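Here's a quick briefing on a protein with a ligand in it, plus a look at one of its helices. Have the structure open as you read.

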Amino acid sequence: VANPHDGGHLADVAEARATDVDRAVAAARSAFPAWSATAAAERGRLLLRLADAVEAHAEELAVLESSDTGHPIRDSTRLDVPRTAATFRYFGGMADKVEGSVVPVEAGFLNYVLRPPVGVVGQIVPWNFPLMFCSWKMGPALAAGNTVVLKPAELTPLSSLRMAELMAEVGFPPGVVNVVPGYGHTAGAHLAAHPGVQKVSFTGSTEVGRRIVQASAGNLKRLQLELGGKGANVVFADADLEAAVNGSAFAIFHNQGQACIAGARLLLEEPIAAEFQERFLALATSIRLGDPLDPATEMGPLTSPEHRDRVLSYVKVARDEGGEVLCGGRAPEDPALARGCYVEPTVVRADDPSCRVNREEVFGPFVTIGTFSGERQALELANAVDYGLGGGLWTRDLARAHRVAG
Ligand code: NAD
């Protein structure tokens, strides 16, 4: 595992292959009967203890996450770690509140709905928020009485391996939680197709999502897919401009833009477009890039050299299609960052909704700016992509806010 800040060696992690996944699934299957029969309140109590353990190890987990992913330490400290604890706590509280229902049917029949666990849940996650993914994926599955096999992304396995240790320490029985660090095409594909797995919860790219669907066909697994996005961020002329500029910068530059719901397409209503753009560029060029472990750092490196190169390749795509690079579009000049996977905050003027930079997910600190006139055109542009994952809008008109959001 390499440090994205300087390419340094962080750790060696064993690579799980098919036989290791088989062993993990077998362990999860044998742990399932006892775990699913454990009182729901007891399962919840373990999750609550885990939340406490995450808080007790907050600093260690934040440093691990920042070293592995490149998240600025101030974000890992104030967002990733507390949210991980909060999510485990939330599902700890929910464990004994998973209720069924009774369906009123004709006399003489009793018709009821139960919500039993499904068995072994395979969980395959990307590299952008690995620690929080543990809680988002494992929290609900374990609360409901399932056992889990989680495959972290090959680039960022460290925090989920540490979480597995903490889960053993707080008393989760052996086999209930399994973490198999490995590659997608081997460990991931084997888990997705495994006949001993009843459900797969996947977060990642749309392309791999399609493969997960195909792999599920063998035993007709249940699936949960959270895939890519190309979020529009629409600023109406009546918006609070200061809030909109700050919020829009957070929407695309937080976590170096490596977020499925990033505000990747900034759509500005014409009367405020020039002023907004000027203020937004001033903010974008003032963001402090640096070592993720430095508390002053506002933006860290991308997670891998390959991903940095992919993000930078979109700068040429933008130019070839007539886009204008307003700032960034390159690695920073600071020699201290030369060995890291850094990309300057990049803002591209690209008005044509059909150009690639307005349609394809870049997944980096890369935002396009276009303009619109009126609500109708804003909606047309916002919806002019295949993705439908997330979006944002800025206005002081509450009726419009609800109308457009809908
Ligand atoms: P990815 O799809 O390449 O990888 C995600 C996971 O799938 C990794 O663990 C990988 O090893 C595994 N994988 C790869 N090939 C596989 C295969 N054939 N079978 C089974 N598993 C396989 O995605 P990524 O590049 O790691 O992450 C970025 C993507 O994730 C972006 O598209 C982003 O939008 C998406 N994402 C979505 C959400 C959401 O909630 N909707 C959240 C975060 C990220």
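**Around the ligand**

Of the 28 residues around the ligand, the ones that come nearest are Val125, Glu154, Ser205, Leu227 and Glu361. Keep in mind that this is a predicted model. The bullets below go through the ligand's polar contacts and its surroundings, then turn to helix H10.

Polar contacts
- Ser205, one of those nearest residues, puts a polar side-chain atom 2.6 Å from an oxygen atom of the ligand.
- Trp127 also uses its side chain: an N or O atom there is 3.1 Å from an oxygen atom of the ligand.
- With Ala189 it's the backbone, where a polar atom sits 3.4 Å from a nitrogen atom of the ligand.

Burial and shell
- On its own the ligand would expose 850 Å², and the protein buries 87% of that.
- Helix H7 (184-193), strand S6 (199-203) and helix H8 (206-215) are the elements that each give two or more residues to the shell.
- Sorted by class, the shell has 15 nonpolar, 8 polar and 5 charged residues.

Helix H10
- H10 covers residues 270-284, so to speak a 15-residue helix, and it reaches 21 Å from first C-alpha to last, close to the 21 Å expected at 1.5 Å a residue.
- There's a bend of about 30° in H10, at Phe276.
- Phe276 is also one of the buried residues of H10, along with Ile272, Ala273, Gln277, Phe280, Leu281 and Ala284.
- An α-helix has 3.6 residues a turn, so residues three or four places apart point the same way.

Methods:
Residues are numbered from 1 along each chain as its sequence is written. This is a predicted model: local features need pLDDT of at least 70, side-chain atom pairs count only at pLDDT 80 or more; totals for chains, interfaces and linings use all residues. Side-chain values use heavy atoms; hydrogens and water are left out. A residue is near a molecule or strand if one of its heavy atoms lies within 4 Å of it. A polar contact is a pair of N or O atoms within 3.5 Å; within protein, one must be able to donate a hydrogen and the other to accept it, and residues adjacent in sequence count only if both atoms are side-chain atoms. Accessible areas come from the Shrake-Rupley method with a 1.4 Å probe; for residues, only the protein chains shown count as cover. Helices (H or I, at least four residues) and strands (E, at least two) are DSSP runs, numbered from the N terminus. Ala, Val, Leu, Ile, Met, Phe, Trp, Tyr, Cys and Pro count as nonpolar, Asp, Glu, Lys and Arg as charged, and the others, Gly among them, as polar. The expected span of a helix is 1.5 Å times one less than its number of residues. The bend at a residue is the angle between axes fitted to the seven residues ending there and the seven starting there. Buried means under 20% relative accessible area, exposed over 50%, partly exposed in between (1.4 Å probe, protein chains only).
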